[in-house]
Amino acid sequence: MTLSPTAEAIRKIVRGKVLEREQLAKHTSFRIGGPALALVYPLDVEDAVSVIEAARSLGTRVIVLGHGTNVLFPDEGIDAVIIKTTMMDGMKTSGGQVWAQAGVSLSKILEDAMRRGMSGAEFMAGIPGSLGGAVAMNAGTRAGDMASVVSQVTVIESSAGPRVTHLDARQAGFRYRGSRILDEGMIVTDATMEFSLGEASEIKQRVDEALESRRRTQPTRLPSAGSVFKNPPGQAAGRLIEEAGLKGISRGGAQVSPVHANFIVNTGGATAVDVLALVEEIRLRVKELTGITLETEIKIVR
Ligand code: EPU
């Protein structure tokens, strides 16, 4: 098969894998999204920089994707080069310090910390996704967030250069479900986390409790992207949506989960259009009833 000029140009300079016209539905937890021009798996930071340079010289947009657990892509696909970080999966530990590349899953980091009796990663229990995405959005639960453990982040500033920069935790500008990294469109390539020695049985208990609470309160079987909206200050988006009477409503194959109102689930064949219709309906009804404007936590790519 002959490759498109974009895929061809990228294949020439990257050492990792390149897929052309790849359906993004295969790469997102929502199971939604049309084809991308090219989907590239860089092997390391140099490879990622090469992809960005090549895309720039072709005038093509670049979007970074980890495990695709918090993102909605359009049904018609997107004229962009997608950098998928899952082949950047190196990890090194030294005492309480853990260095990992962007594509390592939070579950692997948690598993490793538990095996070594290190405490601090328990909040990661049940959070799907990759380290890079989790750092950029400061993923977390009430038990903790990435900001509580990350000490250093390496990023590619794609607008400048592209240039590789090291940020300490303060420079990363973490806040509730956000960071300067996200605001400025930087690409996380690796991060260093600090854990402390803990009591194995207590660590396991905290992890088990978090997993059990998730199983009880969240839809775990159907495809979704987790919490759709951020919790407004002092409020819970799930409660506001339930109180607006929206639990269980559906548009096409997308449904406001009857289990947790801040989840939209793909009950089969849901499109991005279906999900966006629900997002708008929820926003409108909650605004009418409470005056609160809900902000999305998931990343909607247009
Ligand atoms: N609630 C309802 N109806 C619902 C759902 C929730 O009334 O349909 C109420 C609950 O009873 C509770 C409150 O809303 O009083 C908060 O709900 P919950 O305890 O389920 O937590 P959450 O605030 O909705 C947050 C994170 C989750 C994380 C859980 C557990 C956000 C936006 N979400 O959810 O993260 O798993 O806490 O710690 O901060 C994610 O980010 O994708 C995610 C799933």
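In this predicted model, one open sheet is built from 4 strands in the order 15-18-17-16, and its pairing is antiparallel. Strand 15 (224–227) and strand 16 (250–251) sit at the edges with a single partner strand each, so one side of each has no neighbour in the sheet. Further in, strand 17 (residues 254–256) and strand 18 (residues 263–266) run antiparallel to one another, joined over 3 bridges. To pick out one pair of residues, Ala-254 has Asn-266 of strand 18 as its bridge partner. Helix 9 (residues 272–290) packs on this sheet, where strand 16, strand 17 and strand 18 are the strands touched. The direction of helix 9 makes about 25° with that of strand 17.

Now for another sheet. Here 5 strands come in the order 6-7-13-11-12, once again as an open sheet with antiparallel pairing. Its edges are taken by strand 6 (91–94) and strand 12 (163–168), both of which pair on one side only. Going from one strand to the next, the twist averages 15°. Within the sheet, strand 7 (residues 97–101) lines up with strand 13 (residues 187–194) in the antiparallel sense, and 5 bridges link the pair. Val-98, for instance, stands opposite Met-193 of strand 13.

Two helices can be placed against this 5-stranded sheet. Helix 2 (residues 45–57) packs on the sheet and touches strand 11 (150–157), strand 12 and strand 13. Its direction is at about 35° to that of strand 11. Helix 3 (residues 106–115) also packs on the sheet, in this case touching strand 6, strand 7 and strand 13, and makes about 25° with the direction of strand 6. Strand 13 is thus touched by helix 2 as well as by helix 3.

That leaves the pockets. The second largest pocket holds about 150 Å³ of space. Around it stand Gly-120, Glu-122, Phe-123, Ala-143, Gly-144, Arg-206, Glu-209 and Ala-210. Helix 7 (residues 200–217) supplies the largest share of this lining, with 3 residues. In character the lining is mixed: 3 of its residues are nonpolar, 2 are polar and 3 are charged.

How values were computed. Residues numbered from 1 in each chain as written. Predicted model: local features only at pLDDT ≥ 70, side-chain atom pairs only at ≥ 80, totals over all residues. Heavy atoms only, no water. Pairing = 2+ DSSP bridges. Contact = heavy atoms within 4.5 Å. Axes fitted to C-alpha atoms, helices over the stretch in contact; angles between N-to-C directions. 1 Å grid on protein atoms, 1.4 Å probe; cavity = no way out; pocket = protein on both sides within 12 Å on 5 of 7 lines; lining within 4 Å. Points joined across faces, edges and corners; volume = space filled by probe spheres on them. Nonpolar A, V, L, I, M, F, W, Y, C, P; charged D, E, K, R; others polar.
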